Amino acid sequence: MKKIVFISLLASISLINASEHKLEKIDPNSIVTDTSSTVTVLKEDKIVHKKLKLINYKNITYNKYLLPYSYIKPDKKLYKSFLEENNIVNPLVLNNLFGRVFNSLAVKVSAFGYDWVLHKPNYAQNFYLYWIEHFKLSPSDRFYIADYLLRTNQLEKMTFINKGYCMSFFKQSLRAKCKYYYGLKKYLETGKINGALKSAAEGGIEEAKKIIKGE
């Protein structure tokens, strides 16, 4: 099953031709984590091969009315950019990460693959929940997860973004993005345009501007 899904993933994102980039053999004798990046040299042991037993969350689907509110607008092009940013440029490395949960990068590769490329939120749910429960979330992590929860109408799970958290950012762009998700959650729950959403619009978030203008 995983093999079929993985082949479908490769076909969807049209990875760089292997003739242009030779596949590098992974050293099975050691695992080295580069603290300056998220890339990990994989070790051939039980930890690397730890796969998540997938649950089919049949009730988790995309809400077509909420998709336009997405800030990241996920698609296979965004996924390919994500892979390239993390130096995942050949199928072998992708295969060693996809469907596994031994580190946060593997979880992201799997969550985004099922969500952004295969459009299977019922399976992506497994990895987003694992991500929330087992890893410390960075600001960008929270925004990615919030966007997924928004598109699948799971606003009640967006507890990790709140007013206090948004106010902790000194960088205006991060604060605006945080307030967009926080303000949007409140707007969808109450139907009222609140201060957080207005602040997001003032911070340059086009999606917030459109909501306030009633577009």
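**Notes on the disulfide, the salt bridges and helices H4 and H6**

1. Let me start with cysteine 178, which counts as buried because its relative accessibility is 0%. Its partner, cysteine 166, is at 1%, so cysteine 166 counts as buried too. Bear in mind throughout that this is a predicted model.

2. The two cysteines form a disulfide, with their sulfur atoms 2.1 Å apart. The pair links distant parts of the chain: cysteine 166 belongs to helix H7 (residues 163-167) and cysteine 178 to helix H8 (residues 172-190), with the two 12 residues apart. The link is left-handed, at -80° about the S-S bond. If you're counting, the total comes to 1 disulfide.

3. On to the charged pairs. The structure holds 7 salt bridges, and one of them joins arginine 151 to aspartate 115, where the closest N and O atoms are 2.8 Å apart. This is again a link between distant parts of the chain, since arginine 151 sits in helix H6 (residues 139-151) and aspartate 115 in helix H4 (residues 104-117), 36 residues apart. Both arginine 151 and aspartate 115 are buried.

4. Arginine 151 has another partner to look at: its side chain meets that of aspartate 147 in a salt bridge, 2.8 Å from N to O. Here both residues lie in helix H6, 4 residues apart, which is about one turn of the helix. An α-helix has 3.6 residues a turn, so residues three or four places apart point the same way. Aspartate 147 is buried, as is arginine 151.

5. Now a pair in helix H8. Glutamate 189 and lysine 185 meet through their side chains in a salt bridge (2.8 Å, N to O). They both lie in H8, 4 residues apart, or about one turn of the helix. How do they sit relative to the surface? Glutamate 189 has 43% relative accessibility, so it counts as partly exposed, while lysine 185, at 14%, counts as buried. Elsewhere, salt bridges that share partners join Asp115, Asp147 and Arg151 into one network.

6. Which parts of H4 are worth a look? For a start, the helix has 14 residues and reaches 19 Å from its first C-alpha to its last, close to the 20 Å expected at 1.5 Å a residue. It is largely enclosed by the rest of the structure, because 13 of its 14 residues are buried. At the start of H4, a side-chain oxygen of asparagine 103 comes to within 3.2 Å of the backbone nitrogen of leucine 105. Just after the helix, histidine 119 takes a positive phi of about 55°.

7. H6 can be read in a similar way. Its 13 residues should span 18 Å at 1.5 Å a residue, and the end C-alpha atoms are 19 Å apart, which agrees. Since 10 of the 13 residues are buried, H6 is largely enclosed by the rest of the structure. Among the buried ones are Phe143, Ile145, Tyr148, Leu149 and Leu150, along with the salt-bridge residues Asp147 and Arg151. What covers the buried residues of H6 includes H4, helix H5 (121-134), H7 and H8. Just after H6, asparagine 153 takes a positive phi of about 55°.

Definitions and conventions. Residues are numbered from 1 along each chain as its sequence is written. This is a predicted model: local features need pLDDT of at least 70, side-chain atom pairs count only at pLDDT 80 or more; totals for chains, interfaces and linings use all residues. Side-chain values use heavy atoms; hydrogens and water are left out. A disulfide is a pair of cysteine sulfur atoms within 2.5 Å. Buried means under 20% relative accessible area, exposed over 50%, partly exposed in between (1.4 Å probe, protein chains only). A salt bridge is a side-chain nitrogen of Lys or Arg within 4 Å of a carboxyl oxygen of Asp or Glu. The expected span of a helix is 1.5 Å times one less than its number of residues. A polar contact is a pair of N or O atoms within 3.5 Å; within protein, one must be able to donate a hydrogen and the other to accept it, and residues adjacent in sequence count only if both atoms are side-chain atoms. Contact means heavy atoms within 4.5 Å.
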